[in-house]
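These are my notebook entries, written while I looked through the model and kept to what I could look up in it. I begin with one chain as a whole and then turn to its parts and its neighbour.

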Amino acid sequence: MLNYILRKLALIVPTLIGISICAFAFVRVLPGDPILAMAGQHGVSPERYEILREQFGYNLPIWQQYFNYVGNLLQGNFGTSLATKRPVLNEFMTLFPATVELAMVAMIFAIGVGVPAGVLAAVKRGSWIDQIAMSVALTGYSMPIFWWGLLLMMFFSAYLGWTPVSGRIALSFFLKPITGFMLIDTLLHGNWPAFVSALRHLILPAVVLGTIPLAVIARQTRSAMLEVLGEDYVRTAKAKGLSSRRVVSVHALRNALIPVVTTIGLQVGLLLGGAILTETIFSWPGIGKWMIDSIFKRDYVAVQSGLFLIACIVMAVNLIVDVLYAVINPRIRVQ
Amino acid sequence: MKLMKTLLTATAIMALAAGAAQAKQLVYCSEASPAHFDPGPLTGGNDFDASSHTIYNRLVEFVPGGTAVEPALAESWEVSEDGLEITFKLRPGVKFQTTSYFTPTRDLNASDVIFTFERQYKEDNPWFAYLDGMTWDYFQGMDMPKYIKEIVAVDDLTVKFVLNEPNSPMIANLAMDFASIVSKEYADQLEASGDLAAFSTQPVGTGPFQLVDYQLDTVIRYQAFPDYWDGKRNLDDLIFAITTDPSVRAQRLIAGECDIMPYPAPADIAVLQGNDDLVVLEQEGLNIGYMSYNVTEAPFDNVNVRKALSMAVDKAAIIEAVYQGAGQDAKNLIPPTMWSYNDSIAADVYDPEAAKKLLEEAGVTNLTTDLWAMPVSRPYNPNAQRVAELIQADWAAIGVTANIVSYEWTEYRERGKQTDRKGPFQIGWTGDNGDPDNFFATLFSCSAIGVSNYSAWCNDEFEALIQKAKTTSDQAERTALYEEAQVIFKADEPALTLAHSKVFMPMNKRVLNYTMSPLGNHSFKDVDVTE
């Protein structure tokens, strides 16, 4: 097992180098000049332009700029935002809990609905339940997030008034962040109404963000279940006279969940990468919205470091999933 | 005794609860997060809303809803006869805000004013570059280093600005956001502690509200400054709920999550206007969207060709289709809300037949040209690509072929200002200080060629008028000069003036006394809310 983990860790080094090159190259192929982008409608004088180019190292040859960038990364220096002049890592870490919280709740929703729906569709294969579940899953998968988010917001928030329109908590609650996770912080403050408010604010964004993973998980669960339900050991279990419920939940589902866990892992990785559209629609102060804002502001330092940090997180999540997968399925380790 | 204590506690809690209920709160759904809270180096309207209009004051300020200047931290000012000295008398007893990180020991004095400006141009000042890569865009952009020779303290409450040459717009410049007065005592405290960057995140000003808390990309909380020099404001708490998407802002306003919002999406305006709980204020923006001809390039060096091309453009159709009613035909470079607007100028006529004839007379046939379209939506032109398509069609009707070109925004402006640029160029301007010089000299003076004079137009007569107006202190005389300049501008047609956009401000009916500023900023100093 240790060998397996070490092999996976060794693979991370070239991946990190690749990511650093991609992030570095990405902002340099973006059109526009970062110095000019920083100046307002009055522009910047040629003298000041040269001073700033030198200050940011944009006057150096491109390879030297790259090595300086990697050197800084190795020292944990992710640079200072061109727009806010604050350390990029500080901004990232301030906003990251909001993204994690939303991603987690969205995944709980996706798994909580997706797995039972997939199981039910497989067990009732060909029935109207199967048809409806799979049609809904396909619709969910194909739905443009932006449109879906606005639609839900207009109906549940603006028309019915059941859920808040956007934000993380009602503005009447003024709680100092402790962990950055609103649900946890409200409980740590012992403020129950604030917890309820934070939960209500999470409902719509989590449903919107969880819709696609839900569809993927439901379809994956269904096909894995169908495969397993046709196996000999399931027939044996049925022949032994076990109840259908026991056959499905103990014999079939446990084995069917192995590929589902991989799917879930990959989806978590994607969601932590910043749910750009969902965060933008709901003004959710997470890293997805922060990245978009930074791109619009041509804040190249923030975009470059943000890309690198997000890629690292996705990689870390994938590593954890790989290890968990190996724990669940010993054959993987041998391979 | 125990019962007495319980009763007293209960009474105290009830009193507190009652107090809390009476606190007047306004929630403003702002459009973006501020970069930080030091207005000197900032450039964005949302940055200024969150800093200079809440936390700070200036020596002089624009009157609410107008572009005239009124006393603020300076009670009065005097301009010397030669126009080279402006002496400000500071208001006595102005307090700086007391916060958890700073307790002032003295009132505002001349040293604060001198520090405010010297940090923006004296490179040996430790505050000149106290943040990485910072620039003093507005101070530089308004040519302040060129005009200011020195700023001296005559006494504790008197400051004299000594200028290199007379400059009438200087007073208006000092009402701009970058000229917000900061505390030298606070700067000294931070310098001693070595934490200069805190100056931008933990602000201290003299303004009507003081910062309580900022959660990145989420919410900014302010409370009324109790010792504000003009008396404590009506609002107790002011909250900026940062909501970047305009449609979401509108939904939040409808749902009552915020009381007031800026920049609604054009498609939402009718819905907001139709809501019984809301009121939508509107005003012409202090801006201009225009299309510059490069007058050094043939055939655009011929005034009749320029006039013909302008005449062929159906501006009313553009305003209808692109501005969706939120625009006004621009016959002059400056908007009608600005003093010295020359209303006697005749509006542009749309006459494709006459345009065709004029082109033929100029000997121009089968003209093919580039037509530049901005890649971004701006307040003065919401969709330059669409405008370009409409102009392209209009010109096709008179036999002119236009190829639409566009680049990334900074690249676009860089290429546009090259004097050898080919083809008419769409651009625009939003006024900084309400002074006509900010439009005429910035956009069409000879010295602005290669910078922001995209027409490369240098007209001696026009230049003489605007330069004279810049150094004349008499407002009536300045008005006459600018009015004449507009006549020359129109006669020579260096650019087609397209439209001034309208700005909308939807709010809940419980919001009282909100005044829209033609300068586009959002101030809640005088706002009240019904209980």
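**Entry 1, chain B as a whole.** I looked up the secondary structure of chain B in this predicted model, and I noted that it comes to 18 helices and 19 strands. I then looked up the extent of chain B, and I wrote down that its C-alpha trace spans about 105 × 55 × 40 Å along the principal axes. To judge the radius of gyration I needed something to set it against: a compact globule with 531 residues would have a value near 24 Å, and chain B, with 26 Å, agrees with that.

**Entry 2, the domains of chain B.** Into which domains is chain B divided? I found domain 1, which covers residues 30-207, and domain 2, which covers residues 287-503. The centres of these two domains of chain B, taken over C-alpha atoms, are separated by 34 Å. I also looked up where the domains touch, and I noted that 13 residues of domain 1 of chain B are in contact with twelve residues of domain 2 of chain B. On the side of domain 1 that touches domain 2 in chain B, I recorded eight nonpolar residues, five polar residues and no charged ones.

**Entry 3, chain A against chain B.** I next looked up the contact between the two chains, to which chain A brings 43 residues and chain B brings 38 residues. On the side of chain A that touches chain B, the elements that give two or more residues are helices H2 (34-38), H3 (46-56), H5, H7 (145-159), H12 (276-281) and H13 (287-296) of chain A. Which of the elements gives the most to this side of chain A? I found that H7(A) does, with five residues. Sorted by class, the residues on the side of chain A that touches chain B are 22 nonpolar, 15 polar and six charged.

**Entry 4, a helix pair in chain A.** I finally looked at helix H5 (residues 88-123) and helix H6 (residues 128-142) of chain A, which pack at an angle of about 140° with their axes 8 Å apart. Because of that angle, I wrote down H5(A) as oblique to H6(A). I noted the crossing of H5(A) and H6(A) as left-handed. For the residues themselves, I found that Ala117(A), Leu120(A) and Ala121(A) in H5(A) meet Ile129(A), Asp130(A), Ala133(A) and Met134(A) in H6(A). The contact of H5(A) with H6(A) thus holds six nonpolar residues, no polar ones and one charged residue.

Note on methods: Residues numbered from 1 in each chain as written. Chains lettered and ligands numbered in written order. Predicted model: local features only at pLDDT ≥ 70, side-chain atom pairs only at ≥ 80, totals over all residues. Axes fitted to C-alpha atoms, helices over the stretch in contact; angles between N-to-C directions. Parallel < 35°, antiparallel > 145°, perpendicular 65-115°, else oblique. Left-handed = near helix turned anticlockwise from the far one by under 90°. Contact = placed C-beta atoms within 7 Å. Nonpolar A, V, L, I, M, F, W, Y, C, P; charged D, E, K, R; others polar. Domains from an automatic or database assignment. Rg over C-alpha atoms; globule rule 2.2 N^0.38 Å.
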